[in-house]
Structures are given as structure tokens and as C-alpha cells.
Amino acid sequence: MVNPNKGRALLPMPVIEAARAGDAEAVEQVLRYYEGYINKLCTRTLYDKYGYPHECVDEHMKHLLEIKLIHAIVAMN
């Protein structure tokens, strides 16, 4: 499994506990923490009409993964 931290500091335990308790600001912090990893998972290569590749983030897939993360946080109770 890929390590989403890449040398970054872990989320502080009080933020995780607040997110589990349903604190919207703490949940937002968790989403921001994992935003780069989620973007990487949702990156797709699309081709224009000339055949040139363009990488972009699939916003629908990103939204679904964020919802799954929020659900997993809240379901930990």
C-alpha cells in the first residue's frame, strides 16, 4: 500500500478524535491532509481530438472518495 504521508507529520490525535466526534472543522482538516493522495488516485489521462494526452483529476471520483473517507471517519465510533 502506498504511504500517503511522504515524510509529512501525522495528523494530531486530537484532530482525529474531534473528526470522529463529528467536528466539521476537524473533518475538513483530515480531508485537506489526504487531498494530495486522493488527487493522485483520481488522476486520469484524457486525450484531445488531436491525440495529445492531458492528465486531469476526475472530480466525480474525488468526490466519491472524499465521501467514503468521511463515512469511514464517522463510522469509527
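**Exercise 1. The hairpin**

Which residue in E2 does Tyr47 stand opposite? Work it out on this predicted model, then describe the hairpin around that position.

*Solution.* Start with the strands: E1 covers residues 43–47 and E2 covers residues 53–57. They run antiparallel to each other and pair over 5 bridges. Now look across from Tyr47, and you land on Pro53 in E2. Next, go to the connection, where 5 residues sit between the strands. One of the residues to check in this hairpin is Gly51, which takes a positive phi near 90 degrees.

**Exercise 2. Two cysteines**

How many disulfides does the structure hold? Take Cys42 and Cys56 in turn and compare their surroundings.

*Solution.* The count is 0. For Cys42, the nearest cysteine sulfur belongs to Cys56 and is 11 Å away. A disulfide needs the two sulfurs within 2.5 Å, so Cys42 is in no disulfide. Seen from the other end, Cys56 has the sulfur of Cys42 as its nearest, again at 11 Å, and is in no disulfide either.

Now for burial. Cys42 has 0% relative accessibility, so it counts as buried. Cys56 counts as partly exposed because its relative accessibility is 30%.

Finally, place Cys56 in the fold: it is found in strand E2. Skipping residues up to four places away in sequence, Cys56 touches Cys42, Thr43, Arg44 and Leu46. So don't read the sulfur distance as a lack of contact: contact here asks for heavy atoms within 4.5 Å, and Cys42 is on the list for Cys56. For a longer view, Lys68 lies 12 residues from Cys56 along the chain, and their C-alpha atoms are 21 Å apart.

**Exercise 3. The largest nonpolar core**

Which helix gives the most residues to the largest nonpolar core? Then follow one of the core residues to its contacts.

*Solution.* First collect the members. The core has 12 residues, including Leu11, Val15, Val30, Leu31, Tyr33, Cys42 and Ile73. Helices H1 (13–20), H2 (24–33) and H4 (59–74) are the elements that each supply two or more. H2 comes out on top with 5 residues. As background, nonpolar side chains in soluble globular proteins tend to be buried together.

Now pick Leu31. Leaving out neighbours within four places in sequence, Leu31 is in contact with Glu66, Leu69 and Ile70. Of those, Leu69 is itself listed in the core.

**Exercise 4. A lysine and a tyrosine pair**

Is Lys62 buried or exposed? And how do the rings of Tyr33 and Tyr34 meet?

*Solution.* Lys62 sits in helix H4. With 10% relative accessibility, Lys62 counts as buried. Ignoring residues up to four places away in sequence, Lys62 touches Glu35, Ile38, Asn39, Cys42 and Val57.

As for the tyrosines, the structure holds 1 aromatic pair. Tyr33 and Tyr34 form it, with ring centres 4.9 Å apart and planes at 85 degrees. Angles over 60 degrees count as edge-to-face, so that's the label for this pair. Tyr33 is buried at 10% relative accessibility, whereas Tyr34 is partly exposed at 24%.

**Exercise 5. The whole chain**

What pattern does the chain follow along the sequence, and how does its radius of gyration sit against that of a compact globule?

*Solution.* Count the elements: 4 helices and 2 strands. In order, they read α-α-α-β-β-α. Then turn to overall dimensions. A compact globule of 77 residues would come in near 11 Å, but this chain has a radius of gyration of 15 Å. The C-alpha trace spans about 50 × 25 × 20 Å along its principal axes. To finish, 18% of the 77 residues count as buried.

Notes. Residues are numbered from 1 along each chain as its sequence is written. This is a predicted model: local features need pLDDT of at least 70, side-chain atom pairs count only at pLDDT 80 or more; totals for chains, interfaces and linings use all residues. Side-chain values use heavy atoms; hydrogens and water are left out. Buried means under 20% relative accessible area, exposed over 50%, partly exposed in between (1.4 Å probe, protein chains only). A nonpolar core is a set of buried Ala, Val, Leu, Ile, Met, Phe, Trp, Tyr and Cys residues joined through side-chain atoms within 4.5 Å. Rings of Phe, Tyr and Trp (its six-membered ring) pair if their centres lie within 6.5 Å; planes under 30 degrees apart count as stacked, over 60 as edge-to-face and the rest as tilted. Two strands pair if DSSP finds at least two bridges between them. The radius of gyration is taken over C-alpha atoms; the globule rule is 2.2 Å times the number of residues to the power 0.38.
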